[in-house]
Every structure is written in structure tokens, then in C-alpha cells.
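Let's take a walk through this structure together. We'll go from a single pair of side chains out to the way the whole thing is put together.

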Protein chains: 2
Amino acid sequence: MVKINENFLSMKKNYLFIDIAKRIKAFSEANPDKTLIRMGIGDVTQPIAPVAVEAMKKAADEMGNAETFRGYEDSGAGYDFLREAVSGYYKSFGVDVPASDIRINDGAKSDCGNIVDIFGDGNTILVTDPAYPVYVDSNMMAGREVIYADSDESNGFAAMPDYSVHADIIYLCSPNNPTGSVYTKDQLKEWVDYALKNEAIIIFDSAYEAFIQDKELPRSIYAVEGAKKCAIEMCSLSKTAGFTGMRCGYTVVPDELVVKSSAGAEVKIADLWNRREGSKFNGVSYPVQRAAEAVFTEEGQKQIRKAIDYYHRNAKVMTDTLTELGIKFTGGLNSPYVWLKCPDNMGSWEFFDYILEKINVVGTSGEGFGKNGAGWFRLTAFGTYENTVEAMRRMKELFK
Amino acid sequence: MVKINENFLSMKKNYLFIDIAKRIKAFSEANPDKTLIRMGIGDVTQPIAPVAVEAMKKAADEMGNAETFRGYEDSGAGYDFLREAVSGYYKSFGVDVPASDIRINDGAKSDCGNIVDIFGDGNTILVTDPAYPVYVDSNMMAGREVIYADSDESNGFAAMPDYSVHADIIYLCSPNNPTGSVYTKDQLKEWVDYALKNEAIIIFDSAYEAFIQDKELPRSIYAVEGAKKCAIEMCSLSKTAGFTGMRCGYTVVPDELVVKSSAGAEVKIADLWNRREGSKFNGVSYPVQRAAEAVFTEEGQKQIRKAIDYYHRNAKVMTDTLTELGIKFTGGLNSPYVWLKCPDNMGSWEFFDYILEKINVVGTSGEGFGKNGAGWFRLTAFGTYENTVEAMRRMKELFK
């Protein structure tokens, strides 16, 4: 008789955002006259850059012509033109990542979920709480032991290492989803030191790096010395370039990242990951890779900057409103997320339902991201400016 | 200290086709004057259908416009328009698969590799030998026990169930990669009966169904009664519509496919797979899904038929040549693969090197697919007509 993976049975029935989508659908069906303003799931609203559109169309034409048609990539790790472009992008903010360390994927979520494959069962996984649910879900599915580092008001929602706790694999996200907090270089250095001391690996999620406005804050963990010996970095064009529906991201697996097998042999993490991907992945659609390449040109960078500035303006509208209402929050300045303390001591889901019903605004319950999210709530700056202004007007009316 | 998944250490260093790509690269670098004819990796050469190009370009434009831009899909299982189109495609050859059972993916290889996540460690995996390496690789990575059912000359390279052997998960591929053999409906019925009796699940790879010319042969396992209670089917547009570089496929997980947990609870396989995908996948690029949708229109079907006929013509050139040379083979008629017995009792890799050096033709060593592939060799019909004719001319000269 076939045996299922019973770890699934101890998990929440749905992935958080699918759960929220279902709640919203139910509300909309019961209230067909209400127009919702969605500030929940971190999806973007601004179109992709014109250069990306043109590059994709050109590549589509190439695929329709026998002379220029492209089939399988040799490696599945991405075309050199895109790996070089990403490497150049890192260089633009002063970080050296060679193209050979970069693997192109169909979005950071896939690699973030699939990376568990290359690690063994005996690892202790450390996740900051609250966190993006994929870190915990993917490890729970594999039956791994997950422990938590508290990110809460006391530390500005920036959990720091505790040497009395041993971890083998550490998930960090900065700028943070959901709290919007950003690690300083010194703080990241503490994590890198901890990882090196514990012979642990950091999985660093930098999906929101493009939102950092403060030039002192690191946009990559590789801005910290020693990180290439202990960290894998995952990033995405989803938020940087509005690619949530296009699907393209990248994972950096440094050649220097070497660990020991139980028999004492040195093993390159890159070799394990390449082997995993060789058997279970066939690369990203060629026209999508061409669109992504265009994003990293000078013109592309100018065009995506407009969208990022647009979202920054939304965040400003939100943080100004919360300040005016005396509602505590973090994030917004170097992040597309604003993380607020629910007014009147409301619970996270209570607040979710309250603003959904009263002002038809959708956000995300902080509790969905972990226990320290209880009493907190995530709003995103990814809406349209008009909707953001309107949502904040309603917030003011409700909480004035 | 981080523990790696040591199952990787007992595997071959490279995925078969990456290994072959490296051998070819080495030969080409040593012999820059030689022009190779590639009949090895199953990559296509004909461009994608004009309707697919146009659909992708239109969708790219939509992505560049705020009014029509699309971000994340709600479910990640594919847009309804494409799921409906695939369902209609099944209907066109008489098989009823509702859209709700269909999940769109970035190619069958990904799902084929990732499906192991939802099954437990105690399963016995049955793989026909020879087989597409992903079945074995993905299960070896997860440390599962893999047993083999022999496909060899004695059974026309169509392994049949043996009731004295117990298996929990069974991988079948028809038309078969690499042997080109195709199961009849009666033969598939035997496998379905075996699976139902053993409460096992069949993972049915139908990636080459579009190459079936004989109308009596089943193009889906769901042509067999009872299959929805025991089988998951995986298919792809890679070979059907030249999407190897576009990346789009689909997996059918029937709603009726229910198994028991160790505690005796009924669990829908679809729920497990949706949960897996919810946390580890974010859907296929929207413009790729639109291109795929176009393939399933009446015009699209006409256009892809041309490419499939073109490959059938190549297969005919190959099988005619082998017949003339008195070399044994299977496949070719209902399959893009021709599986031949190496002449002069050569070994598979010996023959690989021999024709690479003597006539600069690249194929795939049968041994790369399993022990029963020893002494056999796979050629694909996916090249250009001119190259196929030239390769066969050289074969005739070499073996006359």
C-alpha cells in the first residue's frame, strides 16, 4: 500500500495566502456590492518595464523561427547572458558575485522550497519568527526540526543570534517579510560569525533588496566578509521588476561554500544543488530570461526604478497615516511592507476581519507569519496609489 | 554542523544528459573542424507554432499595461483558460479529464521530480528498466528503495506486472523513453489492475502521446477504466509543441485518487499535491500559459501536427536505414525514439564513442537508461530532415 508523507497531515490545511484568497472570495461572494482594496498578498500592480515587454516579444519571434529557435538549455542553470546581467547588477551596488555562482530559477519560492532536498534529516532549522511561511512549510514537509528566533518589538523585529542555541540551517530575510525591518551590515556580520562558528548555512532571502533606500544598509549578505563560506542567497525579479506573473528569480550558491560529509569528505554545496536541479528542473523559459535580461540594462533599471519609487510613495502615504493615528509600525522606508500593531489590542485575525468588513480593506494577519505576529498586521505598498490613498482615508475615518 | 543529504553521494556525479553534453563538448573542442549531427538528447529542432508566438507576444503586451497586467495566480495550478484547453485536448482523443484535475507546470520533469515529496519513505518504487533517469534519480535523492521491472527483447521492451513482486509506486512511460515501445490498452489495464490490487499508485509519463499514429493505442492511462483511482499522469508540451525552451506541461491528479494514512484516514492525493505546490511553486509564466493555450486551438493543432509529421518522416528515414542494414530496433512508428541494438556486439558507450568519432553522430548510450539498455542505443527523430538523412547516409557507409 502506498505510504503518503504524513508530515503533511500535521500542517495547516492551506498555504497562508491561498487561505486568505479563500476568505476574500467568500466575503466577496457574500458582499457582491463591496469593492475590496487589496493590501494583503504581496502582489504588485505596476506593469513590467517596456524594455522587458519588447525583449520578450523579440524572443517569442526567435522561438517561432527555425534559425533562432532555442530548445533545452544545456545546464538548466540559466543562460550566460542572464547570469552575467545579474552579476553586473550585484556589481552596481558594490557586491562581487561571479556569474558562475548564479542559478536562474522560476522565482525564489521554488528554490526556497526545493533547497531542503540537498540537506539531511538531522539538521536543526532556525527560522526567525515571524517569517515568510515557505521556510517553515518546506521544512515541516520534510519532517525537519524547526526552532525559532524571536523577532519582536523588543529587538525592532530583527532577531539576533543566540550562542546558547545551536542551529545548522538558518533562514534570514532582509528587508524582512513581513516586518519590513532591515539588518545593518554589523547585524548581518553577527549572523555570519555565528554560522561560521556553528558550521551552519544561512539561507538569505533578499527578495526585497531593491526597496532599500538607505545606502548604508546591505542589499546582499555577500556585502559581509565570510558570507560566501556560509550563505546561499535567493532573490527574485518579482518585486524588483513586477515579475510576479512572469516568474524569474536567481539563487547564488558560492563556489566557496564547502561542507563536510559524515565521512569527512569535502562537498561543494554547488555540486549538490546542480545535481538536484539537473534531475528535477529544466531551466526557465527562454523569452522570460530575455525579459529578465532587459531589466538589468541601464534603460531597464531606469524603468523599474519608476515602479519602485511609486511603491515607496504608497508606503509614505501609509506610514504618514499610521503616524497621524498613533498606530505603532515598522517598515515602509526600506521595504514595501508596513507592519503595524493592531489598534485597541485586537488580535491579528480579528483585525483582519474588522477592516475587511468595516472598510473593505484586505491585509494579512501577522499571526499567519508566526506567534510573534500575534497582534500585528501586514499591509503592502504594492497597490495602486489611488487605492492606497483611499484605504488610508478609510483607516483614518475608522480609527480617528 | 550542517548535514547534507548523503543520498546524493551514492549517485552518479551528473544527470545523464549533462554528462553527455560534457562528452560532446570535449569532443568538439578536440575536433573543432568536425560538424556533429546531434541525435542524442531528446531536444526538438522545429520552431514553435505561429499561433503560440502571437499569443505570447499579445500576453507580453498585456504584462506591460497596467489595465491588463497579471501578477500571481491565485492557485499556482494554472489559469482556468489553459486547464480547460488541456481538458478539451483530452476530449479530442476520447478521454475525459476535467479541468479541475489538471495542474499546469513548467515542464513534466519538475513535477516528475517533485512528486516524491508527497510520498513517505517506506514505499517500494518500481521502475521499468531501461527508463528516463529522473524516475530513479529523484527517488534515490530521497533515499527510497527502487526495484526494477525488466523491459527487454523478450517482452518487446514492454515490462509487465509480476504479482509475486510488491510495489507501492510504479513509474510507466508510454510511448516509452528510451525504447519507443507503446503499451496497448490491454497491457495498461494489467498495470491498473495490479496497482488497484496492491493499493499502489502509477505515475504515468505520457510526454510522447502526440506521436502515437495507431488509433488503437491509448494516449492516456485514463483510457483504461479504474485508472483514476490509482494513477497520476504527467504530460508536457515539450515534444508535442516544441516547448523544450518554453517550459510548460501538466499533471493530472484525479479527484478520485484517495489513499489511506497510517491511521486509516482517507487522504486525497490532490490535497497533498496542492499543499506541496502551494508552498513550493508559484505557477507558470502568464505569457507561456497563453502560448500553450494557443497550441490547443484548432489552428494550433494543425500547426503542431506539421512538426510532428516532420519528425515522423525523420523516424521513417531512420527505421528504413536500420532495416536495410539488418540492425534490430524498436520504436519510430508511434514514437520519436528509435532504439537499436548496437551492431557487432558493441557495448552502448563503445558504440556512442564509435559513431561519434567515425561519423560524428551523437546518440545516447542505452546503458544510461538502465542495465537492460546495455548493448542498445537511442536515436531521436527530433533533428532536421537534412541532418537525419545525412546521419543515415553515414550509418549506411559505416555499416554496409
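Start with a pair in chain A: the side chains of A:Arg394 and A:Glu390 come together in a salt bridge, at 2.8 Å from N to O. Keep in mind that this is a predicted model. Both A:Arg394 and A:Glu390 sit in helix α12 of chain A, which covers residues 385-399, and they are four residues apart, about one turn of the helix. How buried or exposed are the two partners? A:Arg394 has a relative accessible area of 17%, and because the limit for buried is under 20%, A:Arg394 counts as buried. A:Glu390, at 24% relative accessibility, counts as partly exposed.

Now hop over to chain B for another pair within a helix. B:Lys316 makes a salt bridge with B:Asp320, and their closest N and O atoms are 3.0 Å apart. Helix α10 of chain B (residues 298-325) holds both B:Lys316 and B:Asp320, again four residues apart, or about one turn of the helix. B:Asp320 is partly exposed, with a relative accessible area of 39%.

Salt bridges come up often here: over all chains, the structure holds 43 of them. Some link up into a network, and one such network ties together A:Asp117, A:Arg276, A:Glu277 and A:Lys280.

What about a bridge that reaches across chains? Look at A:Lys57 and B:Asp61, whose side chains meet in a salt bridge of 2.9 Å, N to O. A:Lys57 belongs to helix α2 (residues 50-63) of chain A and B:Asp61 to helix α2 (residues 50-63) of chain B, so this pair joins two chains. A:Lys57 is buried, at a relative accessible area of 16%, while B:Asp61 counts as partly exposed at 37%.

That brings us to how the two chains are arranged. Chain B can be superposed on chain A by a rotation of 180 degrees with 0.0 Å of shift along the axis, giving an RMSD of 0.0 Å. The two copies are therefore related as by a two-fold rotation axis. Which C-alpha of chain B is nearest the axis? That of B:Lys57, at 2.5 Å from it. And since 100% of the interface residues of chain B are also interface residues in chain A, the copies meet through the same surface.

For a look at one residue's surroundings, take B:Val116, found in the loop between α4 (108-114) and β3 (124-129) of chain B. With 3% relative accessibility, B:Val116 counts as buried. Not counting residues up to four places away in sequence, B:Val116 touches B:Ser138, B:Asn139, B:Arg144 and B:Tyr171, along with A:Lys280 from chain A. A:Lys280 is also part of the salt-bridge network you met above. B:Val116 and B:Ala142 are 26 residues apart in sequence, yet 7.5 Å apart in space, C-alpha to C-alpha.

Finally, step inside. In soluble globular proteins, nonpolar side chains tend to be buried together. In this model, the largest nonpolar core has 148 residues, and those with the most contacts inside it are A:Ile202, A:Phe243, B:Ile202 and B:Phe243. Leaving aside neighbours within four places in sequence, B:Phe243 is in contact with a set of residues including B:Ile48, B:Leu237, B:Cys248, B:Val288 and B:Val295. A second, separate core has 72 residues, among them A:Val2, B:Phe119, B:Phe351 and B:Phe369.

Technical notes: Residues numbered from 1 in each chain as written. Chains lettered and ligands numbered in written order. Predicted model: local features only at pLDDT ≥ 70, side-chain atom pairs only at ≥ 80, totals over all residues. Heavy atoms only, no water. Least-squares fit on C-alpha atoms with pLDDT ≥ 70 in both. Contact = heavy atoms within 4.5 Å. Salt bridge = Lys/Arg side-chain N within 4 Å of Asp/Glu carboxyl O. Buried < 20%, exposed > 50% of the residue type's maximum accessible area, 1.4 Å probe, protein only. Core = buried A, V, L, I, M, F, W, Y, C linked by side-chain atoms within 4.5 Å.
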